[in-house]
Amino acid sequence: MKIAILGAGVIGVTTAHYLARQGHEVTVIDRQTGPALETSFANAGEISPGYSSPWAAPGIPAKAVKWLFMRHAPLILHPQINAPTVRWLLALLRNCTSSRYALNKARMVRLADYSQVVQTELNEELGLEYDHRTQGTLQLFRTQKQLDGIYKDTEVLREGGVPFEVLDQDGCIRAEPGLKATRDLFVGGLRLPRDETGDCFKFTNALADHATAAQGVTFQYGTTIQGLIAEGGRITGVKTDKGVVTADAYVLALGSYSPQMVKPLGMTLPVYPVKGYSITAPIIDEPAAPVSTIMDESYKVAITRLGDRIRVGGMAEISGYNNVLPEQRRNTLEHSVGSLFPGAGDLKAASYWSGLRPMTPDGTPVIGKTRLDNLFLNTGHGTLGWTMACGSARVIADLISGQTPDIETADLGIARYG
């Protein structure tokens, strides 16, 4: 079949790879000049199945109120008062119950664990270069209250068979020797040894190059998608500024911009652009630098080693579609990494970036068929796009090819929203 994929981020490119591997003729359309130039460009650099949890959780509304008054707040609320924002926030609040949290987390862990297996197979097969490391993630707690509150998380990890270690100060320093100079700032940590790190931009570009050279995938860059053409319960084409692209099936992988594409078709897709920020600094003191990823629990900031660079990413800003770079957000990122790893990176030389994470109110991405026979969705992965990318792509490729996916997928589609 001829397949058109809308979007050349990590979701779209992995989808193209697995569809082409199953023998389909694949075209990927994107407005940018190359792959992974939006949300996939400078994310936190984590592949973290162990941290696959929905933001909507018991206690989050109370925490959110507290965060709003912090100097270095992990949550920034500047919402545009419109119907989609209000609907999304109310749906998020409805998911902040114990029962819904357990249901949503189970879905996310199922997909994330599967995705790690699929990506491992991909790495072994292709040997892509992307500053890849397999040294785990250390969630670092600055207060005893944070450390004491991990019981529920460790129970979920234990039930899911996810390996973990609860570490004291010395254990944290053994895992991350660069923390030795700042041991007084934290009391302990939770380490997930199976988690991986790497540069998502490099990974996506390397896979796109392989898809082009070895699989015959066509990438139409610099092409603005103007809409989907529907007729008789099917999509008959993609309208672009360079003409209409036709195919037998279509995959929507436009991240935060996916709802705008299906709204004219009468579909309400609850995906919201939650803004995140990152800085990337060159390492200037090797022994003082992190060796993998540290999650600074107080500020919800991830500090990741990417080759000879340090990527610092985090925060969640509810402010609609914008790419403004406020100095205050950069200050928060610099405060987190500068306090834990002082002098490790040249913060003055760091690049500063923001991206729009496509978040669903229940945390689970939207993957699967729509009521239009040949339109499929692969979007809404939030902060876990790379963590879930290969598994999501494999699922979509199987569904389009008429094969039964390796995991349960009935509860991943848009139908769960009614």
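The charged end of Arg31 sits over the ring of Tyr257, 4.7 Å from the centre of that ring. That makes a handy entry point to this predicted model, since Tyr257 also turns up in a ring pair with Tyr321. Below is a short tour of the aromatic pairs, of which the whole structure holds eight, followed by a look at one open sheet of six strands.

**Trp88 and Tyr272**

- Eight aromatic pairs come out of a search of the whole structure.
- In one of them, the ring centres of Trp88 and Tyr272 are 5.1 Å apart with planes at 25°, and because planes under 30 degrees apart count as stacked, this pair is stacked.
- Trp88 belongs to helix 3 (residues 83-94) and Tyr272 to strand 14 (residues 272-282), so their contact ties together parts that are 184 residues apart in sequence.
- Trp88 has a relative accessibility of 4% and counts as buried.
- Tyr272 counts as buried too, at 5% relative accessibility.

**Tyr257 and Tyr321**

- The rings of Tyr257 and Tyr321 have centres 5.1 Å apart and planes at 40°, so this pair is tilted.
- Distant parts of the chain are linked here, 64 residues apart: Tyr257 is in the loop between strand 13 (249-252) and helix 9 (258-262), while Tyr321 is in the loop between strand 17 (309-318) and helix 10 (327-340).
- Tyr257 is partly exposed, with 22% relative accessible area.
- Tyr321 is likewise partly exposed, at 33%.
- As noted at the start, Tyr257 also has the charged end of Arg31 over its ring.

**An aromatic cluster**

- Tyr130, Phe203 and Trp386 form a cluster linked by ring pairs.

**The open sheet**

- Six strands make up an open sheet with mixed pairing, in the order 9-2-1-13-20-19.
- Strand 9 (218-220) and strand 19 (366-369) are at the edges with a single partner strand each, so one side of each is left without a neighbour in the sheet.
- On average, neighbouring strands of this sheet are turned by 20° against each other, direction ignored.
- Strands of a sheet pair through backbone hydrogen bonds, and the pairing can be parallel or antiparallel.
- Strand 1 (residues 2-6) and strand 13 run parallel and are joined by four bridges.
- Ile5 has Val251 in strand 13 as its bridge partner.
- Strand 13 is also one of the two elements flanking the loop that holds Tyr257, which brings us back to the ring under Arg31.

Methods: Residues numbered from 1 in each chain as written. Predicted model: local features only at pLDDT ≥ 70, side-chain atom pairs only at ≥ 80, totals over all residues. Heavy atoms only, no water. Phe/Tyr/Trp six-rings, centres within 6.5 Å; stacked < 30°, edge-to-face > 60°. Buried < 20%, exposed > 50% of the residue type's maximum accessible area, 1.4 Å probe, protein only. Lys NZ or Arg CZ within 6 Å of the ring centre and 35° of its normal. Pairing = 2+ DSSP bridges. Axes fitted to C-alpha atoms, helices over the stretch in contact; angles between N-to-C directions.
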